[in-house]
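Visitor: I would like a close look at a single part of this model, with enough of its surroundings to place it properly. Please take me through one helix and what it packs against, and then work outwards from there.

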Amino acid sequence: MEHVISTLVENKPGVLQKVTGLISRRGYNIESITVGECETPNLARMVFVVKGDEKVLEQVTKQLNKLVEVVKIKDLDPNNSVKRELALIKVKAEDDKIRSEIIQYANIFRGKIIDVSDSTLTIEITGGPDKIDALISLLKSFGIKKIARTGPTAVERG
């Protein structure tokens with residue numbers, strides 16, 4: 001089972017390393033992580049994904065609560081939260097016909113063309129993992145040169 005954990009932490013050097021080190025030392029893998037300033041001065045929101053059962057979630061939560069820099073921890077309920085990720089996808093587009101097809105796919109998925117060169121197009125897309133996976137699947141036939149993907153970030157609804 002996948003757990004999306006939102007954590008408020010002190011926004012200072014070394015906190016990210018402490019959190020990730022603590023989790024990895026216990027033998028758990030962080031599938032993805034996003035970190036950034038939040039609405040409260042001097043705090044950052046860290047959203048990470050770990051896979052495992054309720055026991056894994058309990059262990060991760062207990063360990064995080066031991067850190068002085070951790071202010072609040074919340075396992076986000078998938079039915080009561082909004083989750084999105086961002087992907088940048090660079091695709092080969094060496095002629096006008098191919099370029100036009102790629103642009104149509106990007107538009108269907110509400111993606112944006114953010115860079116154009118003689119031989120490539122770069123698409124920015126946000127949404128759920130399934131949406132991004134579907135676009136990537138369609139673009140593979142053109143030749144994907146690079147993918148940069150954030151992993152999910154999330155907030156509770158309401």
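Guide: What follows begins with the chain as a whole, turns to helix 4, and then moves on to other parts of the fold.

The model is a predicted one, and its secondary structure comes to four helices and nine strands. Along the sequence these elements follow the pattern β-α-β-β-α-β-β-α-β-β-α-β-β. Taken along the principal axes, the C-alpha atoms fill a box of roughly 55 × 35 × 30 Å. Of the 158 residues in the protein chain, 39% are buried. Among contacts with a separation of 6 or more, 71% are between residues 24 or more positions apart. The chain exposes about 9500 Å², and carbon and sulfur atoms supply 48% of that area. As for charge, there are 25 positive and 22 negative charges, and their mean positions are 3 Å apart.

Helix 4 spans residues 129-139, and its buried residues are Ile132, Leu135, Ile136 and Leu139. Seen down the axis of helix 4, these buried residues fall within an arc of 100°, so they line one face of the helix. The spacing fits a general rule: an α-helix has 3.6 residues a turn, so residues three or four places apart point the same way. The partners of this face come from several parts of the sequence, for the buried residues of helix 4 pack against strand 5 (81-92), helix 3 (96-108), strand 7 (120-127) and strand 8 (144-149).

Two of those partners, helix 3 and strand 7, lead to residues that can be described one by one. Glu101 lies in helix 3, and with a relative accessibility of 27% it counts as partly exposed, because that value falls between the limits of 20% and 50%. From Glu101 to Lys112 the C-alpha distance is 14 Å, for a sequence separation of eleven residues. After helix 3 comes a loop leading to strand 6, and Arg110 is found in that loop. Arg110 has a positive phi of about 60° although it is not a glycine, and its relative accessible area of 73% makes it exposed.

Asp118 lies in the loop between strand 6 (112-116) and strand 7. This residue is exposed, with a relative accessible area of 74%, yet it still has partners: leaving out residues up to four places away in sequence, Asp118 touches Ala93, Glu94 and Arg99. Asp118 can also be set against the other part of the chain, since Asp118 and Thr20 are 98 residues apart in sequence and 41 Å apart in space, C-alpha to C-alpha.

Turning to the earlier strands, strand 1 (residues 2-10) is mostly covered, with seven of its nine residues buried. Strand 1 pairs with strand 3 in the antiparallel sense over nine bridges, and it pairs with strand 4 (residues 70-76), again in the antiparallel sense, over six bridges. Ser6 shows both pairings at one position: its bridge partner in strand 3 is Val47, while its bridge partner in strand 4 is Lys74.

Val47 carries the description on to strand 2, since Thr34 stands opposite Val47 in strand 3. Strand 2 (residues 30-37) and strand 3 (residues 43-51) run antiparallel and are joined by seven bridges. These two strands form a hairpin with five residues between them. Asn42 is found in the loop between strand 2 and strand 3, where its phi is near 70°, a positive value in a residue other than glycine. Asn42 counts as exposed, at 64% relative accessibility.

Helix 2 (residues 54-65) supplies a buried polar example, for the place of Gln63 is in this helix. Gln63 has a relative accessible area of 7%, which means that it is buried, the limit being under 20%. Leaving aside neighbours within four places in sequence, Gln63 is in contact with Leu22 and Arg26.

To return to the part you asked about, the buried residues of helix 4 include Ile132 and Leu139, and the elements they pack against include helix 3 and strand 7.

Technical notes: Residues numbered from 1 in each chain as written. Predicted model: local features only at pLDDT ≥ 70, side-chain atom pairs only at ≥ 80, totals over all residues. Heavy atoms only, no water. Pairing = 2+ DSSP bridges. Buried < 20%, exposed > 50% of the residue type's maximum accessible area, 1.4 Å probe, protein only. Arc of directions from axis to C-beta. Contact = heavy atoms within 4.5 Å. Areas by Shrake-Rupley, 256 points an atom, 1.4 Å probe, with all protein chains shown as cover. Lys, Arg positive; Asp, Glu negative; His and termini not counted. Charge placed at Lys NZ, Arg CZ, Asp CG, Glu CD.
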